[in-house]
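Here are some short exercises to work through with the structure open beside you. Try each task before reading its solution.

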Amino acid sequence: GVSSFNQFIHELSVDSDSSSVDYASAEDEPDEIYRSTPSSPLSDGSGTCRTSTHINHDPHWTNWVAYIFSWILLPARFLLRIPFLLFRLLSSQESKASLDTGSPRPRTFHPFRKVHSSKDHVVQRTIDRRRGVIEDLHLAIEIFIEAIFDMFHKAAYFVFSPFAAFRIFGKWFSSPSAGDKDIDDNVSNASVPTATLGANDPSPRERNLTLHHTLNTDARTCRDVITELGYPYEAIHVITSDGYVILLERLPRRDARKAVFLQHGILDSSMGWVSNGVVGSPAFAAFDQGYDVFLGNFRGLVSREHVDKNISLRQYWRFSINEHGTEDIPAMIEKIHEVKTAELKLSHPNEETNDEQPYKLCAISHSMGGAAMLMYVIIRRIEEKPHRLSRLVLLSPAGFHDETSFLFTVAHYICLLLAPILALFVPALYIPTRFFRMLFNKLVRDFHNYPAVGGLVQTILSYGFGGDSSNWVGVLGLPHYNMNDMPGLSFRVIHHLAQIKRTKKFRMYDFGSKAVNMEVYGSPEPIDLGEYYSLIDIPVDLVAGKKDQIITSSMVKKHYRLMKDSGVDVSYNEFEYGHLDFTFAHHEELLAFVMSRLLLVEPDLKRQSSPKKALKLEKTGQARSGVSSD
């Protein structure tokens, strides 16, 4: 439960400062405290440290002399401290000898023990193992202050015990492993014993400290969340036609005839569909209703998964919403069709399909995922290819952005004005290095640990996004924003949204050249998808949020009016939600509505009888015909 920085400081303190002295007074920590915990290694170490304190120090006027000499020898002590510290660090990594049962316990810092014995810290580690930057700095300051006092103590010890000092220097130069030994010959510092409270075996075990740690950032993946809650999981890597490797995740029900495909929005991932746990997550709710659940992920991660391992940064991020709707979604849905068809043929070999789809697939999409899903259906219909969907449930879908907040409006016009320049220098918006992603994760943890700071950030973000009531701080704390990987935002996606706002039409990406548009679309202007809503041949359920200021309810109603005028089987519903509440917040009424929409689609059960049953039916039919003739 301690951050790697704290572990590093603790390792240094234990390896090189094992002769440190506890300055706690007898009034603050009476001896009864140590006698009441006989099995705790920390209490034994504290007792040892306390004993050495009474042996080495006599609280008389010598303390003042030692204090004066420690200040005089401070520069020399500091210079001598550096090589010994480096030497002990190197030797401590090589020597991992276990602690003998008869040897005394190594000494530990009492302030360090006090910090980690408080109930508040125990509760916090139980809820969330991450630590924020403020907590790391707090502990670092405490250990730094204690290290300064320990340095003064050792300087005084060397001054008033010259023979012991010469003996220690002689051991350092005579034995290569002598640097690991303490001032006191009776104390060993070979390992760090630890014990887990509540374990079946409370005996201390050696803890191998290492600097290669996750730095207490929550790096859980969607797989970790699903499997920790006891649900099945399967990962399918899908390669698009242009070489991008995207992850299709699954909660498998291999014999199910009904499946659901969930697609996230901008700067999100499949984690959004499982982030509310068993009760409030759409993915788990659909699985519990008997659906085979597929979780889609768009291209655009910091890890830059591609078949071309040497693809450049600018080439990788060269995509807009076009590629999401015409490359990513088709590749994932075709993979779903391939997998489901093969599995159902194996589990039901005698069923008659007549080259039809043996299952029903519904799609639930949020924000930009909804715009990409509409683009996918329309383009597949234009190309006269099957889209394999039976129903669409679109939660606050993008596509029309006439009404946006002041911040978004300014950003859109700046993007349109400086697009040629920004495209050269800013291919995407993301946090580039692991260190800064780790720092971002820790700062978000501080927002949660300190309500005043978190409330201030929440207020600033809410006003910046036009007063949207979503839990912005909570969303920033999702595990997919970690130091290992993180969703990014392509500049072309931003540019595409700015074009939609300027034209007030749901159009495909404008390449800025009539020749390029003609080559891609067959016309000098991009395709206006709103004009092709009549091609949508499946029911569509539109859901809007009254408190949504990212995609307002009036913009979702614009989708509804165009679909209604085009003859689409469409419904419209509103809820008192912000933009992110559709995936991140726990709302039972929303889950109930979505599940009710999915249950309207029933799979066609076309079964072919076995040969014996077919023969029996044939004979029965002949017998009936004979009776009727008589």
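**Exercise 1.** Is I414 buried, partly exposed or exposed?

Before solving, note that this is a predicted model, in which local features need pLDDT of at least 70, side-chain atom pairs count only at pLDDT 80 or more, and totals for chains, interfaces and linings use all residues. Residues are numbered from 1 along each chain as its sequence is written, and side-chain values use heavy atoms, with hydrogens and water left out.

*Solution.* Start with the cut-offs: buried means under 20% relative accessible area, exposed over 50%, and partly exposed in between (1.4 Å probe, protein chains only). I414 has a relative accessible area of 43%, so I414 is partly exposed. Next, find its element: I414 sits in helix α16 (helices are DSSP runs of H or I with at least four residues, strands are runs of E with at least two, numbered from the N terminus).

**Exercise 2.** How many residues of α21 are buried?

*Solution.* Eleven of the 13 residues are buried, so the rest of the structure largely encloses α21. Among the buried ones are F491, V493 and I500. Now look at the cover: it includes α14 (321–347), α15 (368–382) and α16 (406–417), where contact means heavy atoms within 4.5 Å. Finally, check the length of α21 (residues 491–503): at 1.5 Å a residue it should span 18 Å, and its end C-alpha atoms are 18 Å apart, which agrees. The expected span is 1.5 Å times one less than the number of residues.

**Exercise 3.** Which parts of the structure does the salt bridge between E343 and R250 tie together?

*Solution.* A salt bridge is a side-chain nitrogen of Lys or Arg within 4 Å of a carboxyl oxygen of Asp or Glu. In the pair of E343 and R250, the closest N and O atoms are 2.7 Å apart. E343 lies in helix α14 and R250 in strand β4 (residues 245–251), so the pair ties together parts that are 93 residues apart in sequence. E343 is buried at 14% relative accessible area, and R250 is buried at 0%.

**Exercise 4.** Where do D292 and K340 lie?

*Solution.* Their side chains meet in a salt bridge (3.0 Å, N to O). D292 belongs to strand β6 (residues 292–296) and K340 to helix α14, so this pair ties together parts that are 48 residues apart in sequence. As a last step, widen the view: E234, R250, R254, D292, K340 and E343 are linked in a network of salt bridges.
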